[in-house]
Amino acid sequence: MSQIKQMIRLHQQGYAIKAIARSLSISKNTVKSYLYKIGEAKLNMSDLLAVEDPVLEGLLHSGNPAYRDPRFEDLKERLPHLEKELKRVGVTRKLLWEEYKVSYAQGYGYSQFCYHFSQLSVSARSGTMVMQHEPADKLYIDFSGKKLHYIDIETGELINCEVFVACLPYSNYCYAKAVRSQTIPDFIGALNDCLWFLGGVPRALVPDNLKSAVTKSDRYEPDINRSMEDLANHYDTVVVPARAGKPRDKSAVENHVKIVYTQVFARLRNRRFFDLESLNEAITSCVDKLNQTRMQNRSYCRQERFISSEKHLLGKLPVDRFELKHYAELKVADNGHIYLGRDRHSYSVPHIHRRKKAQIVYTDRMVYIFVQGNQVAVHQRSKRPNSYTTNPEHLESSHREYMDISPEKYRKKASGISHSFEQLILAIFNQKGRYPEQLYRTCDGLFRLQRTYPIAMFDKACNIAVENRMFSSRSIGNMLASGMAGWNEPQENEMPMPGHSNIRGAGYYS
């Protein structure tokens, strides 16, 4: 454009076209074409000298004539339909062009069709906004689409693992960890580890709309998973999910997923791992190297920026790590216990709450029991099946006359059926170290068996149980179901073996 201005000045000073061309080292035809454009457009030369070079270029280079071609206008009208069709399975630009030529024989050739289609798609695409992030403001969370794996050393099977990725967008400080699945326990565990890795808590957590974090996706009011809310409350932060179908809302972590593919997946592609722990050690090593490598076009690395500008602004971590909570609503049984079906274990509740609805909150270590909004019992969680955890203070075994259930009631009821059944009930309640309340369900099971099997068969099973101290209703039920307690004794063989001479006897072998 500076040469064009020189040409205009020389033309204003009266130089001939040949002289202008020789002075500027350009062809005469070039000088003629520019002077023709200026005259055709009726542009004022003094005004052209006063404008900036980009404006001058726009005035003299108005664009390619192809953009005024009727074929171009036709293609422009077809663009929304073509873009929609291109997203369908198996549809290619070649196929779209062939269909385009059938409907418009005078249309572009394949190369020009692809060129103009690309240009129009770019111009029609909405622009992006540069997001300004504040330090310690948000932690973006996502899972990578691709998976890593380790080898089961016993079976040789490849065990695929999801890769959890998180980043702080201000410093681009990154964290990654392999977990077995995207289920709530694995997701919450990885997020828990991430916060302790950072050494602090950001003001907001921004997950994708995965089920482990968001129960119901919605652009404006998504339903947050209960476990995710519990974690946020424990760490004094909030959950702000990205909008459904809007990956640009969390572009920082989407970009870090691509970086993890390059810096972690690619570096580990030829290594073999035989457990999840060794796989995560290798991932941590790669991520540490990524955080300590200077960023492109930056004078610092991720770790330097995080430590100097962001870490001290993070919220303080609580004393204890978050434990995943589970919830249940159960009825307190007549024996003063609630039965936690997940562990097949019973926990005692104060006897005054029998037959009431109880709300149960339990973690990996503890079980909390609430009745009508008040905490009435706390127990250490036990995963020993078909067992009881009982606090003696919850029981009122010495005041059974005020209750409609007691060991004596069970004994009297059994004595009305058979003497053997009564002896079995007495033996059950005479066990050392067992509270009567823990044995009521066993007795209920025995009365059910008594109603199911013949009395002679049941009595024999009771005798065998007392002799062998088998006090579980399940073991007695198995005995009855298998026929071990058959009430018909085997008959003795009354007829002797017939005598004959073809018997060698013991002397034959001496």
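Mentor: Before we start, accessible areas here come from the Shrake-Rupley method with a 1.4 Å probe. And keep in mind that this is a predicted model.

Trainee: Got it. So how much area does the protein expose, and what share do carbon and sulfur atoms supply?

Mentor: About 30,900 Å² is exposed, with 49% of that supplied by carbon and sulfur atoms.

Trainee: And what percentage of the residues count as buried?

Mentor: 39% of the 510 residues in the protein.

Trainee: Which cysteines are buried, say C114 and C443: what are their relative accessibilities?

Mentor: C114 sits at 15% relative accessibility, so it counts as buried, given that buried means under 20%. C443 is at 0%, so it counts as buried too.

Trainee: How many disulfides come out of the count?

Mentor: The count is 0 disulfides.

Trainee: Switching to the fold. How many helices and strands are there?

Mentor: 18 helices and 15 strands. On contacts, take the ones between residues at least 6 apart in sequence: 60% of them join residues at least 24 apart.

Trainee: Now the N-terminal end. How do the axes of α1 and α2 cross?

Mentor: Helix α1 covers residues 2–12 and helix α2 covers residues 17–24; their axes come within 10 Å and cross at roughly 145°.

Trainee: Left-handed or right-handed?

Mentor: The crossing of α1 past α2 is right-handed.

Trainee: Which residues meet there?

Mentor: From α1 you have Q3, Q6, M7, L10 and H11, and they meet I20, S23 and L24 of α2. The residues of that contact split into 4 nonpolar and 4 polar, with no charged ones.

How values were computed
Residues numbered from 1 in each chain as written. Predicted model: local features only at pLDDT ≥ 70, side-chain atom pairs only at ≥ 80, totals over all residues. Heavy atoms only, no water. Axes fitted to C-alpha atoms, helices over the stretch in contact; angles between N-to-C directions. Helix = DSSP H or I, 4+ residues; strand = E, 2+ residues; numbered from the N terminus. Left-handed = near helix turned anticlockwise from the far one by under 90°. Contact = heavy atoms within 4.5 Å. Nonpolar A, V, L, I, M, F, W, Y, C, P; charged D, E, K, R; others polar. Buried < 20%, exposed > 50% of the residue type's maximum accessible area, 1.4 Å probe, protein only. Disulfide = S-S within 2.5 Å.
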